[in-house]
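Hi everyone, thanks for making time for this one. I'd like to walk you through a single structure and spend most of the talk on one helix pair. Let's put it on the screen.

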There are 2 protein chains.
Amino acid sequence: MPKLGMEPIRRAALVKATIAQIGERGSLDVTVAQIAKRAGMSSALAHHYFGSKEQIFLAAMRHILTVYAAEVRGALLMADGPQARIEAVVRAGFGTSNFRPETIAAWLNFYVLSLTFKDAERLLRVYQTRLRSNLLHDLRPLVGDRADAVATRLAGLIDGLYLQQGLSGIPADGRAATAHVLSALRLELGQ
Amino acid sequence: MPKLGMEPIRRAALVKATIAQIGERGSLDVTVAQIAKRAGMSSALAHHYFGSKEQIFLAAMRHILTVYAAEVRGALLMADGPQARIEAVVRAGFGTSNFRPETIAAWLNFYVLSLTFKDAERLLRVYQTRLRSNLLHDLRPLVGDRADAVATRLAGLIDGLYLQQGLSGIPADGRAATAHVLSALRLELGQ
DNA sequence: TTTTATTGATTGACGCGTCAATAAAGAACC
DNA sequence: GGTTCTTTATTGACGCGTCAATCAATAAAA
């Protein structure tokens with residue numbers, strides 16, 4: 001049976017299954033056996049490719065962040081001017097791939113994981129720093145030295161709405177969340 | 001040794017130890033043995049009084065929410081007028097007892113617990129509903145039918161700043177967080 | 001002697017990670 | 001073109017540790 005070149009396929013399947021399983025259980029308390037079964041293989045094989053459960057979690061987190069980063073980059077390509085760029089960042093944050101229920105649940109759990117797990121914290125910090133610097137860069141020409149405070153509030157609002165969405169249990173509404181953040185932005189800009 | 005009337009003392013000690021332990025570990029992955037040891041008793045006694053680990057967690061969560069509710073009530077007593085009342089709610093949310101690092105870490109973990117555990121979800125929903133209705137009640141005379149949207153944004157900002165604080169690792173700064181929310185409020189009020 | 005407080009020891013389950021074993025695809029050699 | 005060797009894929013079984021929960025036993029107050 002051994003078709004060669006299975007490694008990337010298996011790894012991707014495990015990452016996907018990990019996110020799905022964490023999303024379904026709403027907890028990091030998922031076993032390697034559960035993940036492997038969902039991905040259609042034995043737990044031994046999961047260990048063979050990833051070495052440990054920690055590494056599986058990290059790979060899943062990296063995947064989510066990678067997809068998110070790509071979406072932000074894509075949105076920024078089409079944005080013209082500071083305000084449009086900020087709006088692009090906001091829209092990407094609440095875009096479809098980041099805003100699927102399973103992804104949100106996985107995010108929340110990774111937040112908590114970052115309290116314990118140094119590598120997870122590092123990954124998260126990268127995301128936060130990038131979001132903040134994106135916002136700051138485009139806020140500066142709009143609000144000058146208030147940029148720092150405004151960025152804090154916008155980032156806070158984004159995270160807060162995301163959190164509420166994750167906890168609400170009701171189907172995610174990215175459009176409404178985006179509208180709220182953009183409202184807040186307009187208020188900050190005095191429009 | 002058996003001094004009578006130990007039950008409430010033991011229960012309180014266990015609740016306190018649970019919050020401290022979750023805060024210290026940054027995770028719900030704490031054992032009954034750890035909690036019991038921190039509270040100065042055997043794990044068997046912890047089970048004797050609470051029956052199960054779930055019940056210990058629920059009691060800890062209830063305690064946090066109870067203290068929070070008391071603080072909000074206290075702050076509201078001194079508040080005169082809608083805007084002052086809103087400010088009181090915000091200040092209480094970022095007040096000292098809710099804003100100790102261990103409490104924040106426990107909160108974040110309880111957020112995630114509520115995804116899995118129905119009773120935890122119920123408790124959290126009570127808090128969210130109360131916060132929202134407090135805000136709505138006093139926003140209505142200030143912004144009329146925009147109250148609903150404004151409440152969503154304020155509650156989102158509060159939760160988001162709280163989340164960021166919990167994840168940042170740096171010592172909590174309740175004053176700054178309060179100032180940000182009040183800034184946002186003033187913008188919404190057109191001041 | 002009944003009730004309350006308390007714990008050490010034990011049980012039963014569960015989960016991570018490892019290992020030995022199986023099987024097939026390619027490589028190397030003649 | 002066949003034979004042997006190596007590499008890759010794959011899994012069942014299991015050891016080892018951990019942990020929640022129970023139990024039987026001890027001790028002191030009422």
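Before we look at the pair, one convention: an angle over 145 degrees between two axes counts as roughly antiparallel, while one under 35 degrees counts as roughly parallel. And please keep in mind that what you see is a predicted model.

Let's start with chain A as a whole. Chain A has nine helices and zero strands, so to speak an α-α-α-α-α-α-α-α-α pattern when you read along the sequence. The C-alpha trace of chain A spans about 65 × 35 × 30 Å along its principal axes. Of its 191 residues, 41% count as buried. If you take the contacts in chain A between residues at least 6 apart in sequence, 60% of them join residues at least 24 apart.

Now to the pair itself. How do helix H6 of chain A and helix H6 of chain B pack? In each chain H6 covers residues 101–116, and the two pack at an angle of about 150°, with their axes 10 Å apart. With the convention from the start, H6(A) and H6(B) are therefore roughly antiparallel to each other. The crossing in which H6(A) passes H6(B) is left-handed.

Which residues make the contact? From H6(A) we have A:Ala105, A:Leu108, A:Asn109, A:Tyr111, A:Val112 and A:Leu115. From H6(B) come B:Ala105, B:Leu108, B:Asn109, B:Tyr111, B:Val112 and B:Leu115. Sorted by class, the contact of H6(A) with H6(B) has ten nonpolar residues, two polar ones and no charged ones.

That's my tour, and I'm happy to take questions.

Note on methods
Residues are numbered from 1 along each chain as its sequence is written. Chains are lettered from A and ligands numbered from 1 in the order in which they are written. This is a predicted model: local features need pLDDT of at least 70, side-chain atom pairs count only at pLDDT 80 or more; totals for chains, interfaces and linings use all residues. Axes are lines fitted to C-alpha atoms, for helices over the stretch in contact, and angles run from 0 to 180 degrees between N-to-C directions. Helices (H or I, at least four residues) and strands (E, at least two) are DSSP runs, numbered from the N terminus. Angles under 35 degrees count as roughly parallel, over 145 as roughly antiparallel, 65 to 115 as roughly perpendicular and the rest as oblique. A crossing is left-handed if the near helix is turned anticlockwise from the far one by less than a right angle, and right-handed if clockwise. Two residues are in contact if their C-beta atoms, placed from the backbone, lie within 7 Å. Ala, Val, Leu, Ile, Met, Phe, Trp, Tyr, Cys and Pro count as nonpolar, Asp, Glu, Lys and Arg as charged, and the others, Gly among them, as polar. A residue is buried if 20 or more other C-beta atoms lie within 10 Å of its own, exposed if 12 or fewer, and partly exposed in between; C-beta atoms are placed from the backbone.
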